[in-house]
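Notebook open, structure loaded. I want to look up how a few helices sit against their neighbours.

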Amino acid sequence: MKTKMIFKIAVDIGMTMIMLLQMAYVFADYRTHMWLGIAEFILYIIHNIFNRRWYAALFKGKYNTIRTVHTVINIAVLASMAGLMISGIILSNAFGLIRIHTGRAFARQLHMLSSYWGFAFMSLHLGLHWGMFMEMARNRIKPMSKAQIFAVRIAACMIALIGIYAFIDNEIISYMLLTREFAGFDMTKGLAGFIAEHIAMMGMYIFIAHYGTALLSKIK
């Protein structure tokens with residue numbers, strides 16, 4: 001595997017891990033959350049530099065259903081990251097450099113919306129490219145039997161179902177619609193339980209994007 005590809009994968013893995021840690025903000029102190037946010041934004045910029053050709057081709061060629069879905073989700077991720085950065089600057093007083101006294105209530109709401117919608121869109125974005133990761137895995141391991149493929153798909157379904165349960169149980173939709181503005185998670189689950197639930201929810205979004213686009217392709 002080429003060095004550039006290894007670095008790109010490392011950046012994507014780093015973004016995913018930081019995103020999960022950032023969602024666990026109820027367990028982190030303010031400074032840790034702030035610096036992880038800065039690291040996430042830097043990795044996102046690097047990710048976009050690697051994929052700058054996508055922006056160059058944005059207004060070229062025809063748009064079918066699949067390309068439209070990819071474009072909408074990518075733009076939604078970009079909007080979410082912009083919202084997180086703007087609100088983060090306001091809430092952190094420009095990372096401690098200046099004092100910002102206005103717009104904090106708006107910034108808190110924007111940060112909440114950008115966080116939970118951003119988590120959803122970034123996970124969906126990952127799901128859109130899941131086939132590529134699966135293909136890379138197939139090229140590096142021995143061919144899987146039908147039974148093994150069936151077992152993997154059952155595991156994917158189980159993770160997605162657990163993700164749906166976690167999504168409902170934690171009332172994530174209330175944060176996405178701003179009917180609640182403050183976190184109310186069950187702290188007795190601990191950090192490990194919190195991360196596990198969010199991995200399951202990420203798996204749910206990946207499942208929806210991966211199999212959803214596959215279904216759209218077959219319908220087409």
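Started with α8 and asked which of its residues are buried: A160, G163, A166 and F167. This is a predicted model, so I keep that in mind throughout. Next I checked what those buried residues pack against, and found α9 (172-176) and α10 (190-219).

I then looked at the length of α8, residues 146-169. At 1.5 Å a residue its 24 residues should span 34 Å, and the end C-alpha atoms are 34 Å apart, so the two agree. Just after the helix I noted E171, which has a positive phi, near 55 degrees.

On to α1 (residues 3-23) and its packing on α10. I get axes that come within 10 Å and cross at roughly 125 degrees. An angle between 115 and 145 counts as oblique, so that is what I wrote down for this pair. The crossing is right-handed. From α1 the contact uses T16, M19, L20, L21 and M23, and from α10 it uses F194, I195, H198, I199 and M202. I sorted these by class: 8 nonpolar, 2 polar and no charged.

Last entry: α1 against α6 (residues 104-128). Here the axes are 11 Å apart and the angle is about 150 degrees, which makes α1 roughly antiparallel to α6. I have this crossing down as left-handed. M15, M19, L20 and M23 of α1 meet S115, Y116, F119, M122 and S123 of α6. By class I list 7 nonpolar, 2 polar and no charged residues for this contact. Going back over both lists, I see M19, L20 and M23 in the contact with α10 and again in the one with α6.

Notes: Residues are numbered from 1 along each chain as its sequence is written. This is a predicted model: local features need pLDDT of at least 70, side-chain atom pairs count only at pLDDT 80 or more; totals for chains, interfaces and linings use all residues. Side-chain values use heavy atoms; hydrogens and water are left out. Helices (H or I, at least four residues) and strands (E, at least two) are DSSP runs, numbered from the N terminus. The expected span of a helix is 1.5 Å times one less than its number of residues. Buried means under 20% relative accessible area, exposed over 50%, partly exposed in between (1.4 Å probe, protein chains only). Contact means heavy atoms within 4.5 Å. Axes are lines fitted to C-alpha atoms, for helices over the stretch in contact, and angles run from 0 to 180 degrees between N-to-C directions. Angles under 35 degrees count as roughly parallel, over 145 as roughly antiparallel, 65 to 115 as roughly perpendicular and the rest as oblique. A crossing is left-handed if the near helix is turned anticlockwise from the far one by less than a right angle, and right-handed if clockwise. Ala, Val, Leu, Ile, Met, Phe, Trp, Tyr, Cys and Pro count as nonpolar, Asp, Glu, Lys and Arg as charged, and the others, Gly among them, as polar.
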